[in-house]
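This report goes through selected side chains, the ligand site and the salt bridges of one structure. The sequence and coordinates come before the text.

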Amino acid sequence: MQILDGKVTAAQIRLELSEVVKERKLQGKKIPHLAAILVGNDGGSVTYVNAKVKACEEIGFESTLIRYDDSVPEDILLAKVQALNEDKSIDGFIVQLPLPAHIDEQKVTLAIDPKKDVDGFHPMNLGNMLLDIPGFICATPAGIMELLERNNIETEGKNCVIIGRSNIVGTPLSLLLGRNKSPGNCTVTLAHSRTQHLAEICGNADILIAAIGQPGFITADMVKEGAVVVDVGTTRIEDPTKISGWRLAGDVDFEGVAPKTSFISPVPGGVGPMTIASLMMNTLKAMELKGK
Ligand SMILES: NC(=O)c1ccc[n+]([C@@H]2O[C@H](COP(=O)([O-])OP(=O)(O)OC[C@H]3O[C@@H](n4cnc5c(N)ncnc54)[C@H](OP(=O)(O)O)[C@@H]3O)[C@@H](O)[C@H]2O)c1
């Protein structure tokens, strides 16, 4: 069994990006600039946004964090999105989800200029991904593809089972792994809460990807000997041994499953760092696509 180490792979990507920044600085060219809008104080969202800002600092990208109180009216947020769309110094930006209930997330996503939508959530970018037109692929699926590719995981002709069909992880990932490209060319099964005989289906997977949000859901009896297992799940669970009082748990029972696998990604330190690395790659791409 080998670890699909997202921390190591993401660090390599950050290093490559920092080299690009150094080179651009030497040539007097623009440095990529990522902005993030954070609404409220949700612990998970604050942690993710801080990690994104920290990654920018490490690489040498410029970053701008815009914070609003939970009670920010939708029109103020939409006006800010419009201002960022028009701000030539900003190459890409994200609006950290989830947003408070009084704000329509879909309206906000649609308001973002697809050319600056480095999270890849806008329908234009989802459509471009489907048609293999240059654009932005959602950060988590893109990060998983990068993790597989950089660790030389063979995907061609493999049976791949993805559990979870969200628009930000499972569904786009099913398209990427199924497309006629490398990495890709998998035979993909996209499973969800209505799937019958899930354990049996998982047992046939050469590549098993869990994006459910239920700690320890995938147990050893569901996994084929020698399978590649990617754990996307990140759920905060109570842990009195931690100063914070919680820890992140994946969807896979790591202790039980790992010995059966050829490769397995841990939580934390697997898909999470790759998501942030992809966001950084998308930010550079946003600048390059504009010909800067
Ligand atoms: N590491 C990262 O960077 C990263 C990024 C994004 C998300 N995540 C994590 O990934 C997990 C999934 O998040 P998400 O936003 O992709 O999904 P989501 O919107 O929370 O939806 C969960 C998916 O799991 C399916 N599901 C739930 N219970 C199931 C069961 N018992 N059997 C089979 N399928 C089941 C649901 O099926 P239905 O469609 O039928 O309801 C749904 O498709 C969460 O833990 C999230 O925190 C991590």
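## A nonpolar surface patch

Isoleucine 133 sits in the loop that runs between helix 5 (123-131) and helix 6 (139-150). The model is predicted. With a relative accessible area of 41%, isoleucine 133 is partly exposed, because the partly exposed class lies between the buried limit of under 20% and the exposed limit of over 50%.

Isoleucine 133 also belongs to a nonpolar patch on the surface, together with Leu130, Leu131 and Leu175. The accessible area of the four residues together is about 390 Å².

## Ligand site

The ligand is surrounded by 21 residues. The closest of these are Arg165, Ser166, Ser193, Thr234 and Thr275. By class, the shell consists of eleven polar, nine nonpolar and one charged residues. Helix 10 (residues 271-289) supplies the largest share of the shell, with three residues.

Which side chains place polar atoms beside oxygen atoms of the ligand? Serine 166 has a polar side-chain atom 2.6 Å from a ligand oxygen, and in threonine 234 an N or O atom of the side chain is 2.9 Å from an oxygen atom of the ligand. For glutamine 214, the partner is a nitrogen atom of the ligand, which lies 3.0 Å from a polar side-chain atom of the residue. The ligand taken alone exposes 920 Å², and the protein buries 70% of that area.

## Glutamine 96 and lysine 52

Glutamine 96 is located in the loop between strand 4 (92-95) and helix 4 (105-111). Its relative accessibility is 7%, so glutamine 96 counts as buried. The side chain of glutamine 96 is in polar contact with the side chain of lysine 52, at 2.8 Å.

## Salt bridges

How many salt bridges does the structure hold? There are eleven, and those described here include one within a helix and one that links distant parts of the chain.

Glutamate 19 and lysine 22 form a salt bridge in which the closest N and O atoms are 3.5 Å apart. Both residues lie in helix 1 (residues 6-26); they are three residues apart, so about one helical turn separates them. Glutamate 19 is partly exposed, at 42% relative accessible area, and lysine 22 is also partly exposed, at 49%.

## A link across the chain, and a network

Aspartate 91 and lysine 30 meet through their side chains in a salt bridge, at 2.7 Å from N to O. This pair links distant parts of the chain, 61 residues apart: aspartate 91 is in the loop between helix 3 (74-86) and strand 4, and lysine 30 is in the loop between helix 1 and strand 2 (33-39). Is aspartate 91 buried or exposed? Aspartate 91 is buried, with a relative accessible area of 0%, whereas lysine 30 counts as partly exposed at 25%.

A further salt bridge joins arginine 247 to aspartate 239, with 3.2 Å between the closest N and O atoms. Arginine 247 is partly exposed, with a relative accessible area of 37%, and aspartate 239 counts as buried at 9% relative accessibility. Elsewhere, Glu16, Glu146 and Arg150 are joined into one network by salt bridges that share partners.

Note on methods:
Residues numbered from 1 in each chain as written. Predicted model: local features only at pLDDT ≥ 70, side-chain atom pairs only at ≥ 80, totals over all residues. Heavy atoms only, no water. Patch = residues over 30% accessible without salt bridge, like charges linked within 9 Å, V, L, I, M, F, W, Y side chains within 5 Å. Areas by Shrake-Rupley, 256 points an atom, 1.4 Å probe, with all protein chains shown as cover. Helix = DSSP H or I, 4+ residues; strand = E, 2+ residues; numbered from the N terminus. Buried < 20%, exposed > 50% of the residue type's maximum accessible area, 1.4 Å probe, protein only. Near = heavy atom within 4 Å. Polar contact = N/O pair within 3.5 Å; in protein donor to acceptor, adjacent residues only side chain to side chain. Nonpolar A, V, L, I, M, F, W, Y, C, P; charged D, E, K, R; others polar.
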